[in-house]
Amino acid sequence: MKVSQKMARKGPLPYSKRPGAALQGGMALMIMMLIMVLGSSWALVNAISGASRNTVSEQKQTGDSLVLAKYALLGYIAQQALTVDVPGMFPCPESTTSIGTTNEGTEGSSCNTLPAIGRLPWKTLGIDKPLDGSGEALWYAVGTGVRAAPINFSTTGSLTVDGTASAAVAVIIAPGAALNTASSS
């Protein structure tokens, strides 16, 4: 009679009655979740480290270009002290009309309005075009008092830097990548 009752039952055994079911207890789901979390973490760490490597190399490029521009500008000023009547005279920034022409990189013919701002006159300084880490040309601002005699150790700056007035006579600027600030209105 017992055999016939077992045979009379139709369909598979319930999950809890299967052999080995008590041992599993949801471990497959836990292992799958662990694999997904580890994979996501790996992808996130790779993305962050790749971005930081680019940022570090861009910052190094920018720093190297700024140092090159600074020393070229100081060298130009020292050379001018030997060859012209106004020692210490800074060059004018590049004229905006010369960008994209054969005169690109040469100083503008005059700095009528001081302080003057424009791209660094790299050809005038005798260097290759210095670019920041994002590939943009360096800019340059020159204040009043460093374009006409007398220029000496007592000449004070006329540019405000970080809120400090008269902090600099000239500034070299690494503009960085252009921002997407176009409005849709």
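A salt bridge here means a side-chain nitrogen of Lys or Arg within 4 Å of a carboxyl oxygen of Asp or Glu. Keep that cut-off in mind, because it decides how we read one aspartate further down. Also keep in mind that what you're looking at is a predicted model.

Let's start with the overall layout. The protein chain has four helices and five strands. Walk along from the N terminus and the elements come in the order α-α-α-β-α-β-β-β-β. Of the 185 residues, 23% count as buried. The protein chain exposes about 13100 Å², and carbon and sulfur atoms supply 62% of that area. As for how the chain meets itself, take the contacts between residues at least 6 apart in sequence: 52% of them join residues at least 24 apart.

Helix H3 is a good place to step in, and it covers residues 27-83. Isoleucine 31 lies in this helix, and together with Met27, Met30 and Ile35 it makes a nonpolar surface patch of about 430 Å². Why can isoleucine 31 belong to a surface patch? Its relative accessible area is 46%, so it is partly exposed, and the patch rule asks for over 30%.

Further along H3 you'll find lysine 60 and aspartate 64, four residues apart, or about one turn of the helix. They form a salt bridge, with the closest N and O atoms 2.9 Å apart. Lysine 60 counts as exposed because its relative accessibility is 54%, while aspartate 64, at 42%, is partly exposed.

That pair is one of four salt bridges in the count. Another joins arginine 119 to glutamate 94, where the closest N and O atoms are 2.8 Å apart. Arginine 119 sits in strand S1 (residues 116-119) and glutamate 94 in the loop between H3 and S1, so this pair ties together parts that are 25 residues apart in sequence. Both arginine 119 and glutamate 94 are buried.

Then there's lysine 129, whose side chain meets that of glutamate 104 in a salt bridge at 3.0 Å, N to O. Lysine 129 is in the loop between H4 and S2, and glutamate 104 is in the loop between H3 and S1, so this pair also ties together parts 25 residues apart in sequence. Lysine 129 is partly exposed, with a relative accessible area of 34%, whereas glutamate 104 is buried at 15%. Step back and these residues join up: Glu94, Glu104, Arg119 and Lys129 are linked in a network of salt bridges.

Glutamate 94 also gives us a way over to tyrosine 140 in strand S2. Tyrosine 140 and glutamate 94 are 46 residues apart in sequence, but their C-alpha atoms are 8.6 Å apart in space. How buried is tyrosine 140? Its relative accessible area is 0%. A polar atom of its side chain lies 2.8 Å from the backbone oxygen of proline 91.

Now for the aspartate promised at the start. Aspartate 132 is found in the loop between helix H4 (122-125) and strand S2 (139-142). This residue is buried yet has no salt bridge. Which side chain of opposite charge is nearest to aspartate 132? That would be lysine 129, 10 Å away. The cut-off for a salt bridge is 4 Å, so a pair at that distance does not count as one.

What does the side chain of aspartate 132 have for polar company? One of its polar atoms lies 2.6 Å from the backbone nitrogen of glycine 176. Leaving out residues up to four places away in sequence, aspartate 132 touches Gln61, Thr62, Ser65, Leu138, Ala174, Pro175 and Gly176.

Serine 65, from that list, brings us back to helix H3. At 5% relative accessibility, serine 65 counts as buried. Its side chain reaches the backbone oxygen of leucine 131 at 2.5 Å. Again leaving out residues up to four places away in sequence, serine 65 touches Pro130, Leu131, Asp132 and Leu138. Leu138 turns up in the contacts of aspartate 132 and in those of serine 65.

Key: Residues numbered from 1 in each chain as written. Predicted model: local features only at pLDDT ≥ 70, side-chain atom pairs only at ≥ 80, totals over all residues. Heavy atoms only, no water. Patch = residues over 30% accessible without salt bridge, like charges linked within 9 Å, V, L, I, M, F, W, Y side chains within 5 Å. Areas by Shrake-Rupley, 256 points an atom, 1.4 Å probe, with all protein chains shown as cover. Helix = DSSP H or I, 4+ residues; strand = E, 2+ residues; numbered from the N terminus. Buried < 20%, exposed > 50% of the residue type's maximum accessible area, 1.4 Å probe, protein only. Lys, Arg positive; Asp, Glu negative; His and termini not counted. Polar contact = N/O pair within 3.5 Å; in protein donor to acceptor, adjacent residues only side chain to side chain. Contact = heavy atoms within 4.5 Å.
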